[in-house]
Amino acid sequence: MRDINCIELESRGVLSVAGTEAADFLQGLVSNDIAPAAAGRAVYSALLTPQGKYLHDFFVLLHAGAYLLDCEAARLTDLGQRLAAYKLRADLELMDATEDWCVAALLGDGAAALFGLDGAEMGTTATLAEGGLIYRDPRPPMPGLRALLPRAAGLAPILDMEEISAGAAADYDSARIAACVPDGSRDMTVGKATLMEFDFEGLRGVDFDKGCYVGQELTARTKYRGLVRRRLKRVRIDGPLPPPGTPVMANNMEAGEICSGLADEALALLRIDRSEEARAAGIPLKAGEATVTPATS
């Protein structure tokens with residue numbers, strides 16, 4: 001019986017960061033401590049503007065001496081260019097490795113146990129016989145495993161296992177939305193979003209003890225001064241699914257906007273004050289022709 005789905009994430013690309021100074025280079029730029037990558041754990045992190053606004057998010061793994069960044073394929077070139085702007089004279093090579101690697105997710109009961117990762121710490125990585133890397137998703141709310149697989153073989157070695165069948169991108173989106181996990185620039189507006197609005201602390205995508213990185217000052221100030229005004233929430237949609245960017249309204253007051261969605265569920269970035277006031281007053285939230293109801297769990 002096949003209870004586990006393997007889903008190729010075709011929207012993902014892989015950027016390789018190699019060289020003797022690669023670790024120090026990334027450590028000084030990204031929001032999370034990447035030291036665990038050297039100890040065999042995947043790390044979720046982000047690159048910000050100097051003003052602390054979101055630019056990119058990605059997973060960092062160490063393989064054969066190079067750091068592999070699982071990132072948005074459509075924006076990989078932009079990520080490489082932004083990192084290269086900080087390179088200066090560092091012993092460093094940035095290379096698009098998407099032709100060498102494909103990205104997949106595995107969802108379903110028993111996936112972790114099947115690959116010897118049951119009970120392992122979030123992000124713990126195992127090496128597959130075919131040379132790929134498979135790991136527990138380092139974001140606590142997100143179920144299942146994630147994998148980097150050699151492009152030449154693709155998903156075939158995993159799909160040959162009797163417990164696993166091919167899944168669809170919608171299966172991954174459904175699990176992600178249920179877990180209230182943002183999907184990069186689909187949900188986070190480039191140059192505008194902040195990490196605390198999207199609960200990067202709960203997603204283990206930011207380390208407040210690692211020291212300086214680009215955008216660190218605003219991120220820390222937002223956390224410690226309680227300056228978060230908006231939060232990402234899972235919402236139920238009653239009516240036609242509104243497209244991303246549709247304003248969420250409480251009477252004539254804007255209370256947020258719709259992010260990614262699927263069927264009758266979506267993610268929405270809601271203003272904390274106005275959405276709570278609407279709930280207390282029994283005022284329904286509307287987005288286009290749909291009624292929007294924040295999830296309570």
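**View 1. Alanine 250 stands opposite methionine 253 in E14.** This close-up, like the others here, comes from a predicted model. The two strands on show are E13 (residues 247-250) and E14 (residues 253-262), and they pair in the antiparallel sense over four bridges. Have a look at the turn of this hairpin: there are two residues between the strands, and asparagine 251 takes a positive phi near 55°.

**View 2. Moving on to the hairpin of E14 and E15.** Here E14 pairs with E15 in the antiparallel sense, this time over five bridges. One bridge to pick out is that of leucine 262, whose partner in E15 is glutamate 265. Two residues sit between E14 and E15, and alanine 263 in the turn has a positive phi of about 60°.

**View 3. Tyrosine 44 and phenylalanine 59 form an aromatic pair.** Searching the whole structure turns up four aromatic pairs. In the one shown here, the rings are tilted, at 5.2 Å centre to centre with 40° between the planes. Tyrosine 44 belongs to strand E3 (residues 43-48) and phenylalanine 59 to strand E4 (residues 54-63), so to speak two distant parts of the chain linked by one pair, 15 residues apart. Are these two residues buried or exposed? Tyrosine 44 and phenylalanine 59 are both buried.

**View 4. Phenylalanine 59 also pairs with tyrosine 135.** The ring centres are 6.4 Å apart and the planes meet at 55°, so this pair counts as tilted too. Phenylalanine 59 sits in strand E4 while tyrosine 135 sits in strand E9 (residues 133-136), so the pair ties together parts that are 76 residues apart in sequence. With a cut-off of under 20% relative accessible area, phenylalanine 59 is buried at 2%, and tyrosine 135 is buried at 0%. Zoom out a little and you get a cluster: ring pairs link Tyr44, Phe59, Tyr135 and Phe200.

**View 5. Two rings have a charged side chain over the face.** For tyrosine 44, the residue over the face is arginine 139, at 5.4 Å from the ring centre. For phenylalanine 208, lysine 223 takes that place, at 5.1 Å from the ring centre.

**View 6. An open sheet of six strands.** Reading across, the order is E8-E9-E10-E7-E1-E11, and the pairing is mixed. At the edges stand strand E8 (125-127) and strand E11 (164-166); each has a single partner strand, so one side of each is left without a neighbour in the sheet. On average, neighbouring strands of this sheet are turned by 25° against each other, direction ignored. Within the sheet, strand E1 (residues 4-8) and strand E7 (residues 101-107) run antiparallel and are joined by four bridges. Isoleucine 7 faces alanine 105 of E7 across this pairing.

**View 7. The largest pocket and its lining.** The space in this pocket comes to about 310 Å³. Its lining has 17 residues, with Ser275, Glu276, Arg279, Leu285 and Pro294 nearest the centre. Which elements each supply at least two lining residues? They are strand E15 (265-271), helix H8 (272-281) and strand E17 (290-294). H8 gives the largest share, five residues.

**View 8. The largest cavity.** The structure holds two cavities of 30 Å³ or more, and the largest has about 70 Å³ of space. Among the residues lining the largest cavity are Asp187, Met188, Lys192, Phe198, Arg230, Glu257 and Cys259.

Technical notes:
Residues are numbered from 1 along each chain as its sequence is written. This is a predicted model: local features need pLDDT of at least 70, side-chain atom pairs count only at pLDDT 80 or more; totals for chains, interfaces and linings use all residues. Side-chain values use heavy atoms; hydrogens and water are left out. Rings of Phe, Tyr and Trp (its six-membered ring) pair if their centres lie within 6.5 Å; planes under 30 degrees apart count as stacked, over 60 as edge-to-face and the rest as tilted. Buried means under 20% relative accessible area, exposed over 50%, partly exposed in between (1.4 Å probe, protein chains only). A charge sits over a ring if NZ of Lys or CZ of Arg is within 6 Å of the ring centre and within 35 degrees of the ring normal. Two strands pair if DSSP finds at least two bridges between them. Axes are lines fitted to C-alpha atoms, for helices over the stretch in contact, and angles run from 0 to 180 degrees between N-to-C directions. On a 1 Å grid over the protein atoms alone, a cavity is a set of points where a 1.4 Å probe fits but cannot get out, and a pocket is an open set with protein on both sides within 12 Å along at least five of seven lines; lining residues have an atom within 4 Å of a point. Grid points are joined across faces, edges and corners, and a volume is the space filled by probe spheres set on the points.
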